[in-house]
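Q: Please take a close look at one strand in this complex. I would like to know what it pairs with, what covers it, and how enclosed it is.

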Amino acid sequence: MLMFLSILSMSVLALAVCAAAFSLATGGVRQPESRPERRPVVEPPQFFAAPPARPRPDPQIPLEMLLGDIERHIRLEQAAAEAFLAGPTLDGLHERPERRAN
Amino acid sequence: MSPLHIELASGLSDEETVALLALGKTLPLRRGEHLFRLGAVADAVYVVEQGRVALTLPMRIRNGEEEVVLEEKSPGETLGWSGLVPPHRFTLTATAALPSEVRCFPRAALLDHFRTRPAVGYLVTANLAAVMGHRLQVFQTMWLREMQRSVEYRYA
C-alpha cells in the first residue's frame, strides 16, 4: 500500500511538473488576433504639384536673370525635343540638353 | 514674302496662294505690342510676314506674374490656329519681339473661301494640322522629359 501511494504521488508530481513546463514553454505564443487589414497609404500623383523641399533660389538673383534661365531651359528642351522627333530613340528622349549644347 | 515660305500655303498653286493671301490683311506691330492675349476670343489666323512674334505663357515667380517665352515665330510661320479650332480661344499670348508685320486671316473669310474651294480648304487644313501636330509632339516630348527628371528627383 505504501509503495502504491508513493508511485501515485510521484506520478501526480511528475504530471504537475510536465504541465508547468508546458505552460512555460507555450506562454509567449499567442494566437494572431483578427485586426483590420492595413493598407499602404498611396500618395496621389504629385510629381509637379508637391516636389520635396529644396533650398530656395537666392532671392538676390535679379528677376531678369531668373527669367533668362527659364527661357534658356525652355529653348534647350525644345531643341532636344525637336532632335528627338527627327530621330526618335530612347537615349535621345532623355538626353541632357547640356550635352546637346556642347 | 515669297509664297514658297508660307507654311499654311504649302501645296497650293501660285494662283491659289495669291487668292488665299488676298483674304488677309497686313497688320503692323510695334515691338512689345500684343497681337492677342491668352484667353481672348480667337476669330483669325495669322502668318508672320516680317519680324518675329513671341508666344508666351504667364508663370508665377516670386509672387508676381511673368510672361515666359515658349517659342518665337518667324516670317512664313503660322500662329493663332485657335482661330480655326474650337473653342476659338487663344491659349498663348502673342507679342511682337521686334517691329513686325503679320497677315491676319479672319475665320469667316477663310471658311467662305474653303466652302467654294474644298481642295484648297483641305490643303490649308492639312497644313494647319501639321503645325498643330508638331507643337503637340514637341510639347509632349518636353513634358515627358520633365516628368522623367521629376521621377529621378523624387525617387533617385
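A: Two antiparallel bridges join strand E3 of chain B to strand E6 (residues 78-79) of chain B. This is a predicted model. One residue to follow here is B:Tyr46, whose bridge partner in E6(B) is B:Leu79.

E3(B) also pairs with strand E8 (residues 100-106) of chain B; six bridges join these two strands, and they run antiparallel. In this pairing B:Tyr46 stands opposite B:Cys104 of E8(B). B:Tyr46 therefore has a bridge partner in E6(B), B:Leu79, and one in E8(B), B:Cys104, and as background, strands of a sheet pair through backbone hydrogen bonds, either parallel or antiparallel. Another residue, B:Val45, has B:Phe105 as its bridge partner in E8(B). In a regular strand the side chains alternate between the two faces of the sheet.

These pairings belong to an open sheet of four strands in chain B, with the order E1-E8-E3-E6 and antiparallel pairing. Its edge strands are E1 (25-29) and E6 of chain B, each of which pairs on one side only. In the strand order, E3 sits between E8 and E6.

Next, what covers the strand. Helix H2 (residues 107-116) of chain B lies across E3 and E8 of chain B, and runs at about 55° to E8(B).

As for enclosure, E3(B) spans residues 44-50, and five of its seven residues are buried, so the strand is largely enclosed by the rest of the structure. A residue is counted as buried if 20 or more other C-beta atoms lie within 10 Å of its own.

A residue of chain A gives a contrast. A:Ser9, in helix H1 (residues 2-26) of chain A, has 10 C-beta neighbours inside 10 Å and therefore counts as exposed. From C-alpha to C-alpha, A:Ser9 lies 93 Å from A:Ile70, although 61 residues separate the two in sequence.

Finally, the contact between the two chains takes 19 residues from chain A and 19 residues from chain B. On the side of chain A that touches chain B, helix H2 (residues 63-86) of chain A gives the most, with 13 residues. By class, that side of chain A has 14 nonpolar, two polar and three charged residues.

Note on methods: Residues are numbered from 1 along each chain as its sequence is written. Chains are lettered from A and ligands numbered from 1 in the order in which they are written. This is a predicted model: local features need pLDDT of at least 70, side-chain atom pairs count only at pLDDT 80 or more; totals for chains, interfaces and linings use all residues. A residue is buried if 20 or more other C-beta atoms lie within 10 Å of its own, exposed if 12 or fewer, and partly exposed in between; C-beta atoms are placed from the backbone. Two residues are in contact if their C-beta atoms, placed from the backbone, lie within 7 Å. Ala, Val, Leu, Ile, Met, Phe, Trp, Tyr, Cys and Pro count as nonpolar, Asp, Glu, Lys and Arg as charged, and the others, Gly among them, as polar. Two strands pair if DSSP finds at least two bridges between them. Axes are lines fitted to C-alpha atoms, for helices over the stretch in contact, and angles run from 0 to 180 degrees between N-to-C directions.
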